[in-house]
Amino acid sequence: MNLLREELSWITPELCLTLFACVALLVDLFVQKGRESVMVGFFSLMGLLATAFFLYRQYGVTPPAQPVFGCMVVDPFSTLFKLFAVGALAFVVLFTMLSRQTRPDGYGEFYFILLCAGLGAFFLASTYNLLLMYLGLELLSIASYILAGYAKGNRRSGEAAMKYVIFGAVASGVMLYGFTLLYGMTGSIDLTVIGPKLRDQFALDHGTIPISVATGLCLAGFAYKISAAPFHFWTPDVYEGAPTPVTTFLAVASKGAGFAALLRFLQAGFIPDRTLGGPEAMMGYSDKLGTLVAVLAALTMTLGNLAALGQTNLKRMLAYSSIAHAGYVLMGVATMNREGFSSVLFYLVVYYFMNLGAFGVVMYYANTTGDEQIDDLKGLGWRSPLVAITMVAFLVALVGLPPTAGFIGKWFLFTAAVKKGFLWLAVVAGINSAISLFYYFRVARAMWLRPEEEAKYATVHASPAFAALLLVLAVGTVWFGVGFDSLLRYCDYSQNLLR
Amino acid sequence: MLSDYAPLLLLLALAAAFVVGNLVISEVLGRPKPGVGKKTVYECGMPIRGTARARFSVHYYLLALLFILFDVEAAFLLPWAAHAEELGKAGLVAMGGFAVVLVVGLLYVMRKKALEWDR
Amino acid sequence: MGLAGYLIVAAILFALGIACTVARKNVIYVLMGIELILNAANLNLVAFSRFVGGLDGQIFAIFSIILAAAEAAVALAIVLNVFGLFDSIRPDDPDLMKE
């Protein structure tokens with residue numbers, strides 16, 4: 001019983017989130033109609049705050065890797081991603097409360113499902129166990145399907161949910177099949193056991209075809225979750241059709257959790273311990289896998305950027321941009337070494353700030369105009385300068401120009417790739433960044449153009465709460481571009497997978 | 001290895017041949033004489049009304065979905081029940097937590113009046 | 001009769017499932033294809049559990065069955081909603097957002 005309590009104490013954040021999710025559902029049920037949305041929203045925020053508190057307390061005392069119940073692991077890496085998820089959820093909850101698109105009644109359960117999705121992200125970030133990884137992925141995915149279609153009666157939202165559920169279910173099914181093959185080859189569902197067993201199999205030299213098939217099937221699932229090519233087709237439609245807060249959640253929290261699981265999967269299963277050395281075949285396989293990811297990265301960013309060029313809808317453009325960013329981050333994954341993984345963490349944190357901000361502006365804009373067309377942005381800079389200025393900061397960061405955090409993040413990714421010998425990949429990424437300048441610039445230009453008909457939209461000032469949120473994100477985006485030392489150290493410390 | 005299944009395949013083939021053969025023979029030899037007597041319900045059952053392709057109320061789907069969900073959740077209880085003694089208190093606590101979450105779900109369903117059939 | 005038989009059946013199921021989902025005639029077909037994929041994985045799990053060892057596979061299979069049910073429930077609800085909005089359950093019919 002003491003042992004149980006000891007282990008339970010390590011998953012306090014998860015327990016806290018579960019508890020708050022359940023109580024949020026009950027609050028929604030038993031509170032007088034018409035007021036439940038706001039109440040449950042505030043209640044969820046409280047829950048997220050409490051969870052963040054437990055995570056923070058855990059952070060100080062986390063050992064290198066604390067196993068829990070034999071299927072979870074609590075380490076700085078997982079804590080970073082959990083904090084990431086909690087922060088993103090908090091912003092999404094706030095956005096939901098402020099968005100006009102999601103303001104009508106009946107949004108009590110929305111928060112409950114959001115918290116459940118967050119729980120899925122938690123599991124995804126802190127496990128080496130294939131079963132729990134699959135469970136976490138499904139919890140996150142199923143909740144996301146519901147969220148994408150939450151705007152009932154909205155045809156776009158319905159279409160988005162259907163496309164998402166079809167694509168997602170197939171991808172996760174394929175991944176499950178890959179997991180079963182890994183289990184069959186090694187007799188274990190624990191990646192820390194699977195890794196050494198695979199090493200033995202490589203030593204026997206049976207050829208790499210079965211392992212390649214299994215890995216490929218598993219990677220399909222991860223690629224879907226992070227919307228990397230060739231499994232990115234769902235992204236534009238779902239991002240455009242889903243309510244904007246949900247899109248924000250998908251672009252930030254869901255993608256981050258996917259990357260966490262992908263990093264763990266590759267590290268435990270397929271990167272041989274360089275100090276111990278491994279059989280020649282495994283070293284070769286690991287390098288080949290890295291090259292495969294590098295090719296996927298190049299493909300993903302190119303497809304995303306080229307498609308983004310012709311978009312007229314701001315949300316859809318940001319969807320393609322988020323595909324492109326998945327490509328940039330994959331660049332760090334492809335290195336399969338310590339430096340690359342650290343740069344991935346750094347970039348994800350940076351991406352968190354700039355993408356939350358950009359989608360926040362989209363939401364503000366849709367609140368005032370009811371639409372998301374880039375052309376209609378005309379004159380936003382004169383109507384609400386604060387929002388436009390923060391948007392410019394986010395756009396500059398998304399392009400990856402100094403003095404924003406986007407520049408520093410990309411810098412680390414590029415150096416990691418070049419050091420590993422992927423010079424060609426860095427060149428492709430550089431060209432892509434140049435391409436991306438065009439479509440981001442178009443948005444910035446539209447905002448500062450004088451509109452022909454001045455009074456098309458009445459001036460709507462951002463509410464103080466909303467302006468504060470955007471300012472926090474913009475300050476973060478710029479701040480980490482200048483004083484990035486502490487964040488870099490933090491990411492390096494949290495990247496405890498590869499030393 | 002797979003050849004072990006040859007008898008089974010043969011059996012399947014024979015069964016299929018028997019069924020198809022009988023159908024063909026009755027089609028060829030038989031003289032169908034339909035009549036009112038032949039078409040009525042024989043000895044039991046109710047007189048037929050309407051088509052079988054009627055639409056169900058959407059409540060039926062809701063109820064069926066909920067039934068399946070709670071039904072499958074019960075699958076978790078079985079392994080625990082089989083080893084309840086060895087798992088001891090820890091197992092009881094874990095399953096208690098599981099049950100509480102399920103009850104929250106059930107409460108939700110009831111409060112939303114999803115179980116009221118004749119609404 | 002060994003492991004290979006089960007694996008072959010599972011692989012065939014998996015291929016059928018994939019074929020079913022890419023045919024995209026009707027969303028219900030697609031959902032059935034997804035069930036086939038998941039059941040192929042379940043068959044693999046149980047067979048490996050029996051022949052390679054460990055109970056992990058069976059536990060995994062239980063969880064995966066339950067997740068399949070949950071996913072099917074959500075997917076059907078979404079499809080019902082789409083049917084209400086578009087009067088069609090062909091996966092290609094709703095295309096409000098194509099460029």
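Let's start where two chains meet: 32 residues of chain A and 37 residues of chain C take part in the contact between them. Keep in mind as you look around that this is a predicted model.

**Where chain A touches chain C**

On the chain A side, three helices each give two or more residues: H6 (130-148), H7 (155-186) and H10 of chain A. Which of them has the largest share? That is H7(A), with 17 residues.

**Inside chain A**

Now turn to chain A on its own. The domain assignment splits chain A into domain 1, made of 1-167 + 233-270, and domain 2, which covers 302-499. Taken over C-alpha atoms, the centres of domain 1 and domain 2 of chain A lie 23 Å apart. Their contact draws on 33 residues from domain 1 of chain A and 35 residues from domain 2 of chain A.

On the side of domain 1 of chain A that touches domain 2 of chain A, the elements giving two or more residues are helices H4 (76-98), H10 (234-241) and H11 (244-270) of chain A. H11(A) gives the most here, with 14 residues. You may recognise H10 of chain A, which also gives two or more residues to the side that touches chain C.

**What the two sides are made of**

Here are the residue classes for both sides described above.

| Side | Nonpolar | Polar | Charged |
|---|---|---|---|
| Chain A, touching chain C | 16 residues | nine residues | seven residues |
| Domain 1 of chain A, touching domain 2 of chain A | 20 residues | eight residues | five residues |

How values were computed
Residues numbered from 1 in each chain as written. Chains lettered and ligands numbered in written order. Predicted model: local features only at pLDDT ≥ 70, side-chain atom pairs only at ≥ 80, totals over all residues. Domains from an automatic or database assignment. Contact = placed C-beta atoms within 7 Å. Helix = DSSP H or I, 4+ residues; strand = E, 2+ residues; numbered from the N terminus. Nonpolar A, V, L, I, M, F, W, Y, C, P; charged D, E, K, R; others polar.
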